[in-house]
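Hi,

Here is the structure I said I would pass on. Have a look at it first, and my notes follow underneath.

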Amino acid sequence: MAFAPKRVILHDYGGSPQNKEGMHNPYHVLVFPDGTVGYRNPADPYGQPAPHAYGQNNEALGVSYDGPVGSKPKPEAMKALQQEVERIKGRYGDLETLGHGEAFDMHMKGHPFARPSRDGRDLVEASWRGNANDLSRVP
């Protein structure tokens, strides 16, 4: 069966890897502060599941900013994040876009989609999500 995501879950990596090459990347795309983009699967970045959100892996795309949880992406990174969301929309249409903490909160309040985290997530994760869908809102 072909991968057919229903939503995009936005993340903050929670750290800053020193080495971009060969690092563990559980997301479909990881955007670094300088705007550099790293794909889990460069040949087809959005064509298969990735292990980014526990029970959501088979129905969600994972887009992450390489910064501490709750941090604000630098302008170069925000532009790259927005471009990746646009790329996803071009392939899959206008998918629901949620922060990882927001998705977990919705699940705990009864939303019918699968639990997106084993241990919970803070609502500040991907607090930049309001800008991710709008290329005109580059900081």
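**What I found**

Of the chain's 139 residues, 45% count as buried. Keep in mind that this is a predicted model. The accessible surface comes to about 7,000 Å², and carbon and sulfur atoms hold 48% of that. As for contacts with a separation of 6 or more, 69% of them join residues 24 or more positions apart.

The chain has three helices and five strands. Reading from the N terminus, the elements go β-β-β-β-α-β-α-α.

**The sheet**

The five strands make an open sheet in the order β3-β2-β4-β1-β5, and the pairing is mixed. At the edges sit β3 (37-39) and β5 (96-99), each of which pairs on one side only. On average, neighbouring strands in this sheet are turned by 20° against each other, direction ignored.

Going through some of the pairs:

- β1 (residues 7-12) runs parallel to β4, with six bridges between them; here Ile-9 stands opposite Gly-62.
- β2 (residues 29-31) is also paired with β4 in the parallel sense, over three bridges, and Leu-30 stands opposite Ser-64.
- β2 and β3 pair in the antiparallel sense, again over three bridges. In this pair, Val-31 is opposite Val-37.

Which strand would I look at first? I'd pick β4 (residues 60-65), where six of the six residues are buried. In a regular strand, side chains alternate between the two faces of the sheet. For β4, both faces turn out to be covered: Ala-60, Gly-62 and Ser-64 are buried on one side, and Leu-61, Val-63 and Tyr-65 are buried on the other.

**The helices on the sheet**

Helix α1 covers residues 75-92, so to speak 18 residues, and spans 26 Å from first C-alpha to last, close to the 26 Å expected at 1.5 Å a residue. It lies across β1, β2, β3 and β4, and its direction is at about 170° to that of β4. Helix α2 (residues 100-108) packs on the sheet too, touching β1 and β5, and its direction makes about 100° with β5.

The buried residues in α1 are Ala-77, Met-78, Ala-80, Leu-81, Gln-82, Glu-84, Val-85 and Ile-88. An α-helix has 3.6 residues a turn, so residues three or four places apart point the same way. After α1 comes Gly-93, which has a positive phi, near 85°.

**One residue to look at: Glu-84**

Glu-84 is found in helix α1. Is Glu-84 buried or exposed? Its relative accessible area is 7%, which is under the 20% cut-off, so Glu-84 counts as buried.

What does the side chain of Glu-84 make a polar contact with? The partner is the side chain of Tyr-39, at 2.7 Å. Setting aside neighbours within four places in sequence, Glu-84 is in contact with Val-29, Val-37, Tyr-39 and Tyr-46. Of these, Val-37 has already come up as the residue opposite Val-31 in the β2 and β3 pair.

If you open the model, β4 and Glu-84 are where I would start: the strand has six of six residues buried, and the glutamate has that 2.7 Å polar contact with Tyr-39.

Cheers

Technical notes: Residues numbered from 1 in each chain as written. Predicted model: local features only at pLDDT ≥ 70, side-chain atom pairs only at ≥ 80, totals over all residues. Heavy atoms only, no water. Helix = DSSP H or I, 4+ residues; strand = E, 2+ residues; numbered from the N terminus. Buried < 20%, exposed > 50% of the residue type's maximum accessible area, 1.4 Å probe, protein only. Pairing = 2+ DSSP bridges. Contact = heavy atoms within 4.5 Å. Areas by Shrake-Rupley, 256 points an atom, 1.4 Å probe, with all protein chains shown as cover. Polar contact = N/O pair within 3.5 Å; in protein donor to acceptor, adjacent residues only side chain to side chain. Axes fitted to C-alpha atoms, helices over the stretch in contact; angles between N-to-C directions.
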